[in-house]
Amino acid sequence: MGGEDHCGSGPRSGYPIRAPKPVSQYISQIYKSRVGQFYAKGQYAEQNLLSMMNDAVIYGEPHVKLWVWHAPEQSRPSFEHAVSHEFEKTKVGASFGPSWTTHWFKVQITVPDNVRDKELVEFHWDANNEGLIWSEDGKPLQGLTGGGERVEWVLPKSFLDGKEHTFYVEMACNGMFGIGQGDLIAAPDPNRYYTVERANIVAVNPDARGLHIDTWIIGDAAKEFPSDSPEQHQALEVYNRIIDTFEPGNKDSLKACRKIAQEYLGPNVDSHKVYESDKKPLVFGIGHCHIDSCWLWPFDETKRKVARSWSNQCNLMEKYPELNFACSQAQQYKWLKELYPYVFERVKQKVKDGQFHPIGGSWVEHDTNLPSGESLVRQFVYGQRFFEENFGKRCQTFWLPDTFGYSSQLPQLCRLAGMTRFLTQKLSWNNINKFPHTTFNWVALDGSQVICHMPPAETYTAEAHFGDVKRSMSQHKSLDQDPTSLLVFGKGDGGGGPTWQHLEKLRRARGISDTVGLLPRVHMGNSVDDFFDNLEAKGDKLVTWYGELYFELHRGTYTTQSNNKRNNRRAEDALRAVELLATIASIEGDLKYPKKDIDEMWEAVLLCQFHDCLPGSSIEMCYHDSDKIYKKVFETAEKILREASRLHEVAAKEATMETALAFNSLPWPRMEIVELADKELAVAGGSGPFIKLRPLCSTGEKPVAKLEQPSPGVFVLQNSQLKVKVEDGLITSLYDLQAHREVIPKGQKANQYVIFDDKPLYWQAWDVEVFHLDTRKELSSSETKVHEIKKHRVSVITRTKISDKSHIETVISLSASSPGEQSYVEVSSKVEWHETMKFLKVEFPVDVRNTEASYETQFGVVRRPTHYNTSWDMAKFEVCSHRFADLSEHDYGVSILNDCKYGFATTGNLMRLSLLRSSKAPDAHADMGTHDIRWAILPHQGGLGHVTVRKGLEFNNPLKIFAKVEEGEREVKNLWLQGRKVWLDETSSSALVLDTVKRGEDDDEKKEKNVILRIYDSLGGMARGKVRTVWKVKRVSKVNLLEDELEEVEVSEEKEEDGGLFWFELKPFEVATFKLTLA
């Protein structure tokens, strides 16, 4: 076409004219299958990489000598105690047990000459259980997991001198996840024995170990990168070339193989310098060691897990400077400080060095569904104070990856505790709806917000696999707002934390990103706070989520382990009473405020609110422990109340009008009828912590409570407000005489016991699945009888058979109504419960219609649907509620009160209180036995209001009777006990609750006299209030939960005989804390 020369000398390249040989297509699936053989046990183990992992393995005498001492029973003695005993000779192959016992081994090793010059020499111990290596002089050195995992301890260079050296191994006869009988969550096997399988000196080949990690990651790339990507094909080609280059027994071939691996990984994967490239990362790795404070093991074993795990992390930090490790739970740091001071000092140094990061700001990783609002506050108070006192700083991030749902008030409380960030991931376990966000602003009931991040790898125990890094992008749901994420890696639940393998794999993952690409770029060396700092800069662009983070799984934890939940409720109420009375007595009496005792009580209660203890998902041993812990709390409470008041609590029927006072721990006046000795009736009415009693009719009170039996099996209980009809043990009519309204729909029955089959998909103690509702069965009652006919109360009793092994005795009572007080129908049940995988509930159909029901939560109310319009609505078929649940129209409603329950459901107009479960794992005897449970039906005019809030508190805090104490012939008169001391006056919004009265946290240390008041709006509206006190107030300030001053509050100059007063205003559902500095 234009003068081209077609007669040239041929192609200018070396491309041959003729094909020299056939070349086949790469059959990917075959070459992929080959990948697994390079480091596999079995027929090729002597010919693959496994054959060259170690240069030498030395075992048995004279190089390794073993002695043992058996700790008695299930004791966990200290090092000093253990080594003071005589040890007996033992050997590899010997077995030790049974379960939960401890055995101490004295180990003497002599490293032989042919190993002394090796680059890496380790001691390998494996008895398939947990252990801890101690130095000869009693320093914890290295935790051991067993079962082939974390079995190695790098020998100090001083041990490579050819001389004999001594150290100790503390063996715990349990695995990392306890000792379940054939299944992770099965009840523990009490007779498990463990065999010492390895006690070897091992000279490791570093090139072989390095090549193992190289090929692990390259092999994952070959399997997990898309098959239509060149990066996947390159990974497969490189891996197969490595296999072809490897020669068993030839150490030079190891170096050649590693050189080939660098083509895919880059040249710097053996060093932290791999992270020093200037390429922008998207995934930020943070080491973590989630240690359940109890779960499939008791609290005391957790104390040892902490020492094992954190010793290992300190060791790893010295070898891997890029490791940043975050760990929560101030309680665990305190255990370490008290029991393992050497390890605690190591941790403190690593905190100072910027590698070990205390995080979370709470005492434990607690449940957030069940604890009271004040308990959530104290988690932060005790957690933040411990971290500040021991490490010099507070936490900025609330860290709670493994809790079973998140209260709608947490963002507000976080902000008030100095934290602006929150990390969790548990919602990734939802089994109905997929939570739509990774990074977002989470907004509390009062409008407070925190930035929340849920790691898209969807685990807090990532193994730092190639796939974990890949999923950090592929499962990220907020890429349009911010594509970064945290990768939280390390062995967890049972402790352990990151391993050297994790860190080596992440180095190679970064190498792939920088060398080949496609894999999200991971970075090590930053902290969690660094990550959130970046997010906060763009916080106003993040999506928002308002209200609770409801977890669509583990709904059974609202009910499992009933006694434990009752103890929690009782302990919280006891602490409120103790702090109130101790505060008053320390100001007006001669009591020194018992701060140490109160701190110990709170720390104990907060520990038992750990997210596997209070929810009921731990083994039986944990509940034996918690029973003892609560027993001590109640004993201490009784002691403080007695010392503060110089009165002692007595049963009402043992008291007389002349000797008794009624104790009211609530901040408003009470009016209740009390039955004293010899059936004498008295009225306790008035304000103040202690209320005088007066004869029932001395001021004209005329109680009306009557019972009639119009026909066999039918009873009518009536007072001036309510008329209750009971037929065959069920309430067939509840008529509100004041509102002229029937509460029970025609033809329906309230207080109906129902039982369900309760066999979840797997997690027995944790879950109740939606299909259990299909198995509903009504329980029939036997004959109803008159139980009580008195001037102030009438009641009937019914027995209900559940099965041949279980039954219920139910007392339905109606008390005389008091002027200005709303009446309710009270039900007391005694349940003898011996079922298997059954769920007992009680139902209340009510003639009220609303698409939402209200449930008390911490410092407020959460509203949830009563319908199943969407899968999100249906998922809430079982929800958490505290002292009350309410279904109201605009002018009328019904509340169900309870004294120890947390599970509830409202479907349409049917309200249902969950009573008892009978799961068999991990506690085979959970909830078996006798249970006393109280609840009440409270009709009310108007919508949900302060009447329900106050009645819920009163139902859980009945007036207690205290008797006067005589010292010799002189009666102790504490006049200051009577009359109110600090209160919200009558002009205050009725929605306001003065929830806590206590002394300042630092009063002792600073020699100050401060009173702390915690007040909240309970109903969700702007609320104005006035605080009055008889004490002379010098200054008032609004403070945060940690009692840092936020602003000064003006104290009224109004001349008041009562002392100080000040006005305040709260936003809807706001929690406010005020510090009164007394003159």
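# A tour from strand 30 to the cores

Select Lys725 and then Ser733 in strand 31, which is its bridge partner. The model is a predicted one, in which local features need pLDDT of at least 70 and side-chain atom pairs count only at pLDDT 80 or more, while totals for chains, interfaces and linings use all residues. Residues are numbered from 1 along each chain as its sequence is written, and side-chain values use heavy atoms, with hydrogens and water left out.

**Stop 1: strands 29, 30 and 31**

Helices (H or I, at least four residues) and strands (E, at least two) are DSSP runs, numbered from the N terminus. Two strands count as paired if DSSP finds at least two bridges between them.

Select residues 730-736, which are strand 31; six bridges join strand 30 to this strand, and the two run antiparallel. They form a hairpin with two residues between them, and Asp728 in the turn has a positive phi of about 50°.

Add residues 714-718, which are strand 29, joined to strand 30 by five bridges and also antiparallel. Here Val714 stands opposite Glu727. Strands 29 and 30 form a hairpin too, with three residues between them.

Which side chains of strand 30 (residues 722-727) point to one face and are buried? They are Leu722, Val724 and Val726, whereas Lys723, Lys725 and Glu727 point to the other face and are not buried. Buried means under 20% relative accessible area, exposed means over 50%, and partly exposed is in between (1.4 Å probe, protein chains only). In a regular strand the side chains alternate between the two faces of the sheet.

**Stop 2: the sheet 51-54-57**

Next, select strands 51, 54 and 57, an open sheet in that order with antiparallel pairing. Its edge strands, each paired on one side only, are strand 51 (982-984) and strand 57 (1061-1066). On average, neighbouring strands of this sheet are turned by 25° against each other, direction ignored. The axes behind this angle are lines fitted to C-alpha atoms (for helices over the stretch in contact), and angles run from 0 to 180 degrees between N-to-C directions.

Strand 54 (residues 1023-1029) is joined to strand 57 by six bridges. One residue to pick there is Gly1025, whose bridge partner in strand 57 is Phe1064.

**Stop 3: two nonpolar cores**

A nonpolar core is a set of buried Ala, Val, Leu, Ile, Met, Phe, Trp, Tyr and Cys residues joined through side-chain atoms within 4.5 Å. The largest has 210 residues, and Phe123, Trp125, Tyr264, Trp310, Tyr333 and Ile512 touch the most other members. Helix 16 (residues 620-645) gives the most to this core, with ten residues. Apart from this core lies another, of 55 residues, including Leu707 and Ala885.

Tyr333 is also one of the buried residues of helix 7 (residues 330-339); the others are Ala330, Gln331, Gln332, Trp335 and Leu336. Among the elements that cover them are helix 6 (299-319), helix 9 (373-391) and helix 15 (595-608).

**Stop 4: Asn200 and Asn568**

Select Asn200, in strand 12 (residues 198-204). Is Asn200 buried or exposed? Asn200 counts as buried because its relative accessibility is 11%. Contact means heavy atoms within 4.5 Å. Leaving aside neighbours within four places in sequence, the contacts of Asn200 include Val57, Tyr59 and Phe123. Now add Lys32, 168 residues from Asn200 along the chain: their C-alpha atoms are separated by 35 Å.

Asn568 is in helix 14 (residues 562-588). At 0% relative accessibility, Asn568 is also buried. Beyond neighbours within four places in sequence, Asn568 is in contact with Leu370, Pro371, Val605, Gln609, Leu614, Tyr630 and Tyr902.

Residues 552-630 carry the UniProt feature "domain: Glycoside hydrolase family 38 central", from an unreviewed entry. UniProt positions follow the numbering used here, feature names are shortened, and annotations may be inferred rather than shown by experiment. The end C-alpha atoms of this span lie 30 Å apart, and the span is 66% helix and 0% strand.

**Stop 5: cysteines**

How many disulfides does a search of the whole structure find? The search finds zero, a disulfide being a pair of cysteine sulfur atoms within 2.5 Å. For Cys289, the nearest cysteine sulfur is that of Cys327, 5.2 Å away. Cys289 is buried, at 2% relative accessibility. For Cys622, the nearest cysteine sulfur belongs to Cys294, 4.0 Å away. Cys622 is buried, with a relative accessible area of 0%.
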